[in-house]
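Visitor: Hi! I'm new to this one and would like a short tour. Could you walk me through it?

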Amino acid sequence: MSGLPQDVLIKLIQVLAQLASSDNAVRATAEDQLDKEWMLTKPDTLLTGLAFLSRNNSDPELRAFAAVLTRRVAFKSSPNEGPTGTKTVWESVQEETRVSVRTHYLAALTQESDRSVRNRVCDTISELAHSTRTKLHPWPEVYPAVYNCTQSTTRADLREAGYRIMNSSPSLLSGQSAEAATVLFNLGLQDGNLLVRLSAIKATVSFIQDTDHDTRSAMDKVMMPMMESLAAFKKAKYEVALVEAVSSLIELAERAPRLFRHIITTIPMLIEMAEEKTLEDQTRQVMLELMVTLAECSPSWFKRVPDFVTRLVPVSLEMMTELEDEAEWYMADDQEEEETDTNTVIGEQAIDRLSRALGGKVILPVIFGYIPKMLANEQDWKTRHAGLMAISAMGEGCGRVMEGELTKIVHMVVPFLRDSHARVRFAACHTIGQMATDFAGPLQKNHHAVVLTNLIPVMDDAPYPRIRSHAAAALVNFCEDIDKSTLGPYLDAIFDRLLSLLSTGTTFVQEQAITTMAAVADSAGDKFLQYYSRVMPLLMSVLRQATSPEYRLLRGKAMECGSLIALAVGKEVFAPHVQEFIKLLVQTQTSLVEADDPQTSYLLAAWARVCKVLGPDFVPYLDIVMPPLLTSARLKPDLAVLDPEEDVESKYAAEDGWEFVGVDGQHIGIKTTVLEEKCTAIEMLICYARELGPGFRPYLEQVREIVLPLLRFYFHDGVRHAAVATLPHLVSCAQQAQVGQEYLVSYWFGICVKVLEVMATEKDASFLLQLYTSFYECLDALGSGPSLNPELLEAFTRATDRQLRVQYGRLKQREEDRAANRLDAEEKEHMDEEETTEEAVLAEIARGIFTVLKTHGVGYMGHFRSLEPILATYLGDTNAFSRQWAIGVLDDLVEFTGPHSWPIMVPFLPQILNSVMDPQAPEVRQAACYGLGLCGQFGGAPYAELCSAALSPLFQVIHEPGYRTTENIYVTENAISAVTKICKFNNSHFDINTVLPSWVQTLPILHDEEEAPQTYSYMLDLLESQHPAVLGLNNVNMPHLVTVMVEALVAGVVPEPTQSRMVYILKAALSTLDAAITTTLWNSIAPEKRKTLQDLHYV
């Protein structure tokens, strides 16, 4: 019994009936009653009543609805908590209610005879179990009850239900060993009932995904029973189960591809199902998807599977031929998305993904075993179409291998621009366009003539506007990487066709013509000037006249093209049209009424480009531009927690921008189109702040308040990165606007606190890199002098110390994984990429420390001491990058704190001195040599003895075998520079006259442009003072010094004013030499260097 009065149950049944009504008014009234009466005033009664009805009512539809409504109500925010409350209704009700609800549902699980209702009961139990685990409301009865269902010997429906619950709540099995889980799942996977087997497959996959790494790896014995279940579904012609089961296995392949190595013998069976045309398209597609996913997730393994590639490629190519010549295709908008669930598209995507996963060496020979025959098939246009689209699809993955055969491939594709069948001509345009991206540079440079002379005429393909449009679209890609001098001879022909396309009555063709004009203008640069007077008035006419809703995208394209043309031609040429163009943009902006108007994003970008063109002259228009831009920047993401019973495809369609992620056992939908608009808006704010400087002052506060919370906006990486990249520009604006020191300090403090807070806990390496970059750029924007108070310095140091320890832990974990030799090829590649990213992060952390030391000097030393332990760890590590990194940071300390650095540096100096001769790492030697030079230049008296001791190893580096090789040249030149700085600034502990003769012979420095100027300035000082140790007895060193100056001048490493000074001294030195010596010297200089000296009037 429910324990509720009968009249209460009757009222509740009435509410449920009204909630299910097709009458919107009735349903709205019931929803209001449910929220304001039942949930607000009697949530315990509501949940108990729903649970009772889900078990005891005679109407199966009402029982199912009661079960669904139970979980929807239970996990809503409690209305009694207020708008800021975090408790759900389930958490706010009495424990007695929770016990009662659970009891009813466990009883319903075994009593319910209707499968549809039982499924709803299972879903509700799963939700309650999930909440039990995450919210600490114990429910010890649930696992035994669910387990007993799977063990039922008399009721297959109970076994199916048990596995269904385990699928939705795999955490119920938390702590189960791999052996116990295998026994449990294999019982269901070998069940005589196919529904049970399907449910068991889903539960098995869910458990493997949810469990820990070691348990996951030990679940190999469930793989073959799952494959046998697929065979059973096919034999029974139960394709719905086959699709659902393989879809689950695709998820497993993404998470645990290694497990599939245990069922390699079944791969031919899976490929046969993809080949079998008697099966439904969706069945074949999921089979192909499973194979491709495995290739992507474990490429090194599947490269070695016999016949895997040689059978999968023809299956994909065959699917690509399965298209119909429908009349609707010719009338469709070329910019509309193709259907993504056709065999043609699935096959093309498979070729693309296989190529990227397995690479050109594996894929190219197999595909090109088919393509020439496909292209030569004169009877079947579909086969020719598929052959061209396959070339298009494979370019990105096979690019390196294909590039060597590019001439042959181009001449293979180009003739089909004139094919007898329109769809084949379209495919040829598509392939050229894709190749222009995949082979950007070489294609444009070496094949522009054959491509453009054949592609441009396709824009005249009058009967078929879609093909004309696609030819113009291919031209966009081709022009993105073409030199304007190469493009110049084709501009007349291009613009003649584009203007012709613009005059057609087909809107999508006009839209594409304008897009292509923008791309061509952008590439042509100043060569576009002669077409400006023909094109710009047409664009203005579009903006003035095309005002109907169906022309919104056309107007957006016209705004894009006009603003890009303005950038291409510059402010002066654009001047006659600027006022009207801006007026039209304003009119467009005021006409926007729908949130999804396609003009919005074009308008945002067009305003930003006009701002770039006008510079400070754009400031008067900010008040027009900023309100909608700030609205877009404030957009909140559309989120949805998916209910298992919802029709996801219709309610959250992918074409509407919905994407899905799994979070804590639930599927969360995110509408990404909103996020893209938000990201674009933040990027536009960067543009205005950067271009307008102090003119952006009125918006500093609003923009700061928008972007700072976005540092933790985890829904979209682009938004986070754009938000943090905005901050230095805001600080720079505030600095330039002369807002007063008090305001500037307060404004920066608000930014810095948030940045350091995120910096301390950030886990994403790429964002952490951007965070440090923006931090030190802010410090640079604030100018010289301290900009961090002691509390902020301490926060920066704590955050940096923590991140350095995290990075070091990752470094050690990588070394451990590599030493254990347990990584396959793709895992090694992923690890290499991770290492590259984290080394870049360390470089930005070092730059952050550098900037703090530069701006705070001795004032930072007390905080810097906190970093000594982690610096010692890095310096003492076997990893060369770690040692180089630590030495670099210590170098900065010496540079910016000078003699004050001595107490901190004492324990590190022996290792730095030893690192000068590091036998394995040139980068470590270079950092150490550079650091010793800084000790000489900035260290003062405390470092005098060290500087004297450093000369011997520095000269040893300079005279090492191979010291001028590419690998060692920067080490050598940094060592020469270090000797220079020691001799010039810190020579009190040695006789400089004994060192200078040796130093002169180490010159020249010809590569390191940072170290060369100071070295040559010192050399010139010594020559001007006629220092005997440099000139040598009877000026014996002069020929060598002349050669040094000649080499330095030719190398271009000597900046002004040192360069002019060197030329003067060189001419003077030559005049003092004997004519024979001068001739010998001149003849010893390579002819091209002599010409350089003469061309620059150095001699």
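Visitor: How many cavities of 30 Å³ or more does the structure hold?
Guide: Just to say first, this is a predicted model. The structure holds one cavity of that kind, 30 Å³ or more.

Visitor: And how much space lies in the largest cavity?
Guide: About 70 Å³. As background, rolling a probe the size of a water molecule over the atoms shows where empty space is left.

Visitor: Which residues line the largest cavity?
Guide: The lining is made by Q807, L811, R814, E835, E838, E839, L842, N879, F881 and S882. Three helices each give two or more residues to that lining: α42 (790–820), α43 (825–856) and α46 (880–897).

Visitor: Which element gives the most to the lining?
Guide: That is α43, with four residues.

Visitor: What does the lining look like by class?
Guide: In the lining of the largest cavity, four residues are charged, three are polar and three are nonpolar.

Visitor: Changing topic: how many disulfides does a search of the whole structure find?
Guide: Zero. A disulfide, by the way, is a covalent bond between the sulfur atoms of two cysteines.

Visitor: Why is there no bond for C679?
Guide: Because the closest cysteine sulfur, in C687, is 14 Å from the sulfur of C679, and that is too far for a bond.

Visitor: OK, and which cysteine sulfur is closest to that of C687?
Guide: The one in C611, at 4.9 Å. That is still too far for a bond, because the two sulfurs of a disulfide must lie within 2.5 Å.

Visitor: Are C679 and C687 buried or exposed?
Guide: C679 counts as buried, at 6% relative accessibility. C687 counts as buried too, at 5%.

Visitor: Now the interior. How many residues are in the largest nonpolar core?
Guide: The largest nonpolar core has 372 residues. Those with the most contacts inside it are F618, Y688, F696, F775, W999 and M1019. Helix α37 (residues 672–692) supplies the largest share of this core, 11 residues.

Visitor: Let's pick F775. What does F775 touch?
Guide: Leaving out residues up to four places away in sequence, F775 touches W748, C752, V755, L756, M759, L788, F796 and V852.

Visitor: On to the backbone. Which peptide bond before P1004 is cis?
Guide: The bond from L1003 to P1004, with omega near 15 degrees. P1004 sits in the loop between α52 (992–1002) and α53 (1012–1024). The peptide bond from E1056 to P1057 is cis as well, with omega near 0 degrees.

Visitor: Where is P1057 found?
Guide: In the loop between α55 (1038–1051) and α56 (1058–1072).

Visitor: Why point out cis bonds at all?
Guide: Because most peptide bonds are trans, and most residues other than glycine have a negative phi.

Visitor: That brings up phi, then. What is the phi of Q738?
Guide: Q738 has a positive phi of about 50 degrees, although Q738 is not a glycine. Its place is in the loop between α39 (717–736) and α40 (741–761).

Visitor: Is Q738 buried or exposed?
Guide: Exposed, with a relative accessible area of 74%.

Visitor: And what about Q1026?
Guide: Q1026 also has a positive phi of about 50 degrees without being a glycine. Q1026 lies in the loop between α53 and α54 (1028–1031), and at 59% relative accessibility Q1026 counts as exposed.

Visitor: Thanks, that helps!

Terms used: Residues are numbered from 1 along each chain as its sequence is written. This is a predicted model: local features need pLDDT of at least 70, side-chain atom pairs count only at pLDDT 80 or more; totals for chains, interfaces and linings use all residues. Side-chain values use heavy atoms; hydrogens and water are left out. On a 1 Å grid over the protein atoms alone, a cavity is a set of points where a 1.4 Å probe fits but cannot get out, and a pocket is an open set with protein on both sides within 12 Å along at least five of seven lines; lining residues have an atom within 4 Å of a point. Grid points are joined across faces, edges and corners, and a volume is the space filled by probe spheres set on the points. Ala, Val, Leu, Ile, Met, Phe, Trp, Tyr, Cys and Pro count as nonpolar, Asp, Glu, Lys and Arg as charged, and the others, Gly among them, as polar. Buried means under 20% relative accessible area, exposed over 50%, partly exposed in between (1.4 Å probe, protein chains only). A nonpolar core is a set of buried Ala, Val, Leu, Ile, Met, Phe, Trp, Tyr and Cys residues joined through side-chain atoms within 4.5 Å. Contact means heavy atoms within 4.5 Å.
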